[in-house]
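Biologist: Please take a close look at the side-chain contacts that hold this chain together, and tell me how sheltered the partners are in each case. I would like one connected account rather than a list.

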Amino acid sequence: MDAFLKSKESIIFNAIVALLTVGGQQLFSFFAFSCPCSPTENLRYGLAFLGVPALILLIVGFIFNDNTWRLFTGSTYDFSIQERSRQSLLMKYKLICFVMGNIIGRAVVAPVTWLAVTLLNGSYYACAVSEFANVDHYDIFRNMSADIRKFTLAQFPCAQLVPSNLSRVREEVLLELKYQSQIH
């Protein structure tokens, strides 16, 4: 049993990190995210909630990886490999590439999971790009000035701010934005 767990250590670690990231993202969305519904703020706010946590998770992934510190301090698990790498420059570069691949592979699990779950949910993306939604095929928007259209679309993520005559359009636009979030 110990041998099995040892052989699957990386998979188990990545699964735990992914599950913790999904749970953290859901809690973060529930407690912290509230679209400002303002044409000047939606894009920055939505993209910040999409990208900043992923960047932080990436940095944390690099910092808390033992191999990162071993690479920068020069210590390795197996001194015989280190000795052989002195004999062959090619071997040394292969070892560095292997260690860097391992570090990067582990560090990207949480940020990629964050981005995948967030984009599948679609609410951050819908907030960020709502003011840029294509609504040319809706007659109600044809007579609006560009500024009023942008202001109205920016309010779509906040149902309470949207006039009742636009509720059907709002639902369709937000559904389209969520689709875009999931397929792009």
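Modeller: Throughout, a residue is called buried when its relative accessible area is under 20%, exposed when it is over 50%, and partly exposed in between, with a 1.4 Å probe and protein chains only. The model is predicted, and local features need a pLDDT of at least 70 while side-chain atom pairs count only at pLDDT 80 or more, although totals for chains, interfaces and linings use all residues. Residues are numbered from 1 along each chain as its sequence is written, and side-chain values use heavy atoms, with hydrogens and water left out.

I begin with the charged pairs. There are 5 salt bridges in the count, each defined as a side-chain nitrogen of Lys or Arg within 4 Å of a carboxyl oxygen of Asp or Glu. One of them joins the side chains of K150 and E131, with 3.8 Å from N to O. This pair links distant parts of the chain, since K150 is in helix α9 (residues 146-154) and E131 is in the loop between α8 (123-129) and α9, 19 residues apart; helices here are DSSP runs of H or I of at least four residues, strands are E runs of at least two, and both are numbered from the N terminus. The partners are sheltered to unlike degrees: K150 has 34% relative accessibility and therefore counts as partly exposed, whereas E131, at 6%, is buried.

Another salt bridge is formed by the side chains of D136 and R149, at 2.9 Å from N to O. Because D136 lies in the loop between α8 and α9 while R149 belongs to helix α9, the contact ties together parts that are 13 residues apart in sequence. D136 is partly exposed, at 45% relative accessibility, and R149 is also partly exposed, with a relative accessible area of 21%.

The salt bridge of R168 and E172, whose side chains meet at 2.5 Å from N to O, has another setting. R168 and E172 are 4 residues apart in helix α10 (residues 167-183), so about one helical turn separates them. Here R168 counts as exposed, at 51% relative accessibility, and E172 as partly exposed, at 31%.

Turning to the covalent links, the structure holds 2 disulfides, a disulfide being a pair of cysteine sulfur atoms within 2.5 Å. C35 and C127 form one of them, with their sulfur atoms 2.0 Å apart, and the link is right-handed, with 80° about the S-S bond. C35 sits in the loop between α2 (9-32) and α3 (42-63) and C127 in helix α8, which places these linked, distant parts of the chain 92 residues apart. Both ends are sheltered, since C35 counts as buried at 11% relative accessibility and C127 is buried at 1%.

C37 is joined to C158 by a disulfide with 1.7 Å from S to S, and because the torsion about this S-S bond is about 85°, the link is right-handed. C37 lies in the loop between α2 and α3 and C158 in the loop between α9 and α10, so the disulfide ties together parts that are 121 residues apart in sequence. C37 and C158 are both buried. With bonded cysteines counted along the chain, the disulfides follow the pattern 1-3, 2-4. A further cysteine, C97, counts as exposed because its relative accessibility is 56%.

Next come the rings. A pair of aromatic rings is described by the distance of the centres and the angle of the planes. Rings of Phe, Tyr and Trp (its six-membered ring) pair if their centres lie within 6.5 Å, and the planes count as stacked under 30 degrees apart, edge-to-face over 60 and tilted for the rest. By this rule there are 10 aromatic pairs. Among them, the rings of F28 and F49 have centres 5.3 Å apart and planes at 40°, so this pair is tilted. F28 is in helix α2 and F49 in helix α3, so the contact ties together parts 21 residues apart in sequence. F28 is partly exposed, at 30% relative accessible area, whereas F49 is buried, at 15%. The pair of Y138 and F141, by contrast, is edge-to-face, at 6.5 Å centre to centre with 65° between the planes, and both of these residues are buried. Ring pairs also link F28, F33, Y45, F49, W114 and Y124 into a cluster.

Finally, the charged end of R106 sits over the ring of F13, 4.5 Å from its centre; this label requires NZ of Lys or CZ of Arg within 6 Å of the ring centre and within 35 degrees of the ring normal.
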